[in-house]
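Grab your viewer and a scratchpad. Try each task by yourself, then check the worked steps.

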Amino acid sequence: MFEYINGEITSLTPTYAVLDVHGVGFGVNISLSTYTAIQGKTDAKLFLYEVIREDAFTLYGFATAEERSMFLLLMSVQGVGAATARMVLSSLSVYEICDAIQTGKLRNRLKQFIDDPNNFSKLKGLIKPNDKNHLKELI
């Protein structure tokens, strides 16, 4: 298991970063929160989560260890996979998610997010058409 990666940012989009580490380019899926944190920087350290499947080896990177921990917590919920967890982290900060869980308002916060059409236009390229329906089913 990889703990983190530290390297030069050679390519960056709101959903994906490529980090060059000693001549090897690592492609890493990121949330909008991580994108905001590393945007404009030349180097980045990302905390990693890896998904190894028969047909793919996928890395997810996070600007903080706390964001990665929340990603893992979200994925522990039945029906929530990596794509949905990343979408939630792109719409709410770790603090906002914790606060919403503690106050019992997570469903309301996610519902408000889903019901606002502007939010999904901001996440274009990050979500698939079924993700909005999947989130609605979960809440």
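Below are five short exercises, each with a solution.

Before you start: this is a predicted model, where local features need pLDDT of at least 70, side-chain atom pairs count only at pLDDT 80 or more, and totals for chains, interfaces and linings use all residues. Residues are numbered from 1 along each chain as its sequence is written, and side-chain values use heavy atoms, with hydrogens and water left out.

**Exercise 1. Work out the overall layout of the chain.**

Step 1: start with the secondary structure, which comes to 7 helices and 5 strands (DSSP runs numbered from the N terminus, helices being H or I with at least four residues, strands E with at least two).
Step 2: put these in sequence order, and you get β-β-β-α-β-β-α-α-α-α-α-α.
Step 3: look at burial. Of the 139 residues, 38% count as buried (under 20% relative accessible area; exposed is over 50%, partly exposed in between, with a 1.4 Å probe and protein chains only).
Step 4: get the surface. The chain has about 8,200 Å² of accessible surface, and 51% of that belongs to carbon and sulfur atoms (Shrake-Rupley method, 1.4 Å probe; for residues, only the protein chains shown count as cover).

**Exercise 2. Trace how the strands are put together.**

Step 1: follow the strand order 1-2-3-5-4, and you have a closed barrel of 5 strands with mixed pairing. Neighbouring strands are turned by 55 degrees against each other on average, direction ignored.
Step 2: take strand 4 (residues 43-52) and strand 5 (residues 57-62), which pair in the antiparallel sense over 6 bridges (strands pair if DSSP finds at least two bridges between them). A hairpin of 4 residues joins strand 4 to strand 5.
Step 3: now go to the other neighbour. Strand 3 (residues 24-30) pairs with strand 5 in the parallel sense, over 2 bridges.
Step 4: zoom in on tyrosine 60 in strand 5. Tyrosine 60 is the bridge partner of tyrosine 49, and also of asparagine 29.

**Exercise 3. Find the salt bridge and say which parts of the chain it links.**

Step 1: the structure holds 1 salt bridge (a side-chain nitrogen of Lys or Arg within 4 Å of a carboxyl oxygen of Asp or Glu).
Step 2: the partners are glutamate 3 and arginine 68, whose closest N and O atoms are 2.7 Å apart. This pair spans 65 residues, from the segment before strand 1 to helix 2.
Step 3: compare the two ends. Glutamate 3 is partly exposed at 41% relative accessible area, while arginine 68 counts as buried at 9%.
Step 4: place the helix. Helix 2 (residues 65-75) lies across strand 4 and strand 5, at about 20 degrees to strand 4 (axes are lines fitted to C-alpha atoms, for helices over the stretch in contact, and angles run from 0 to 180 degrees between N-to-C directions).

**Exercise 4. Is helix 3 largely enclosed or not, and what does valine 88 look like?**

Step 1: 9 of the 10 residues of helix 3 (residues 82-91) are buried, so helix 3 is largely enclosed by the rest of the structure.
Step 2: pick valine 88 in this helix. Its relative accessibility is 6%, so valine 88 is buried.
Step 3: valine 88 and phenylalanine 71 are 17 residues apart in sequence and 8.7 Å apart in space, C-alpha to C-alpha.

**Exercise 5. Which residues form a nonpolar patch on the surface?**

Step 1: the members are Phe2, Ile52 and Phe57, with about 330 Å² of accessible area together (patch residues have over 30% relative accessible area and no salt bridge; like charges are joined within 9 Å, nonpolar side chains (Val, Leu, Ile, Met, Phe, Trp, Tyr) within 5 Å).
Step 2: locate phenylalanine 2, which sits in the segment before strand 1 (4-12). At 41% relative accessibility, phenylalanine 2 is partly exposed.

Methods:
Contact = heavy atoms within 4.5 Å.
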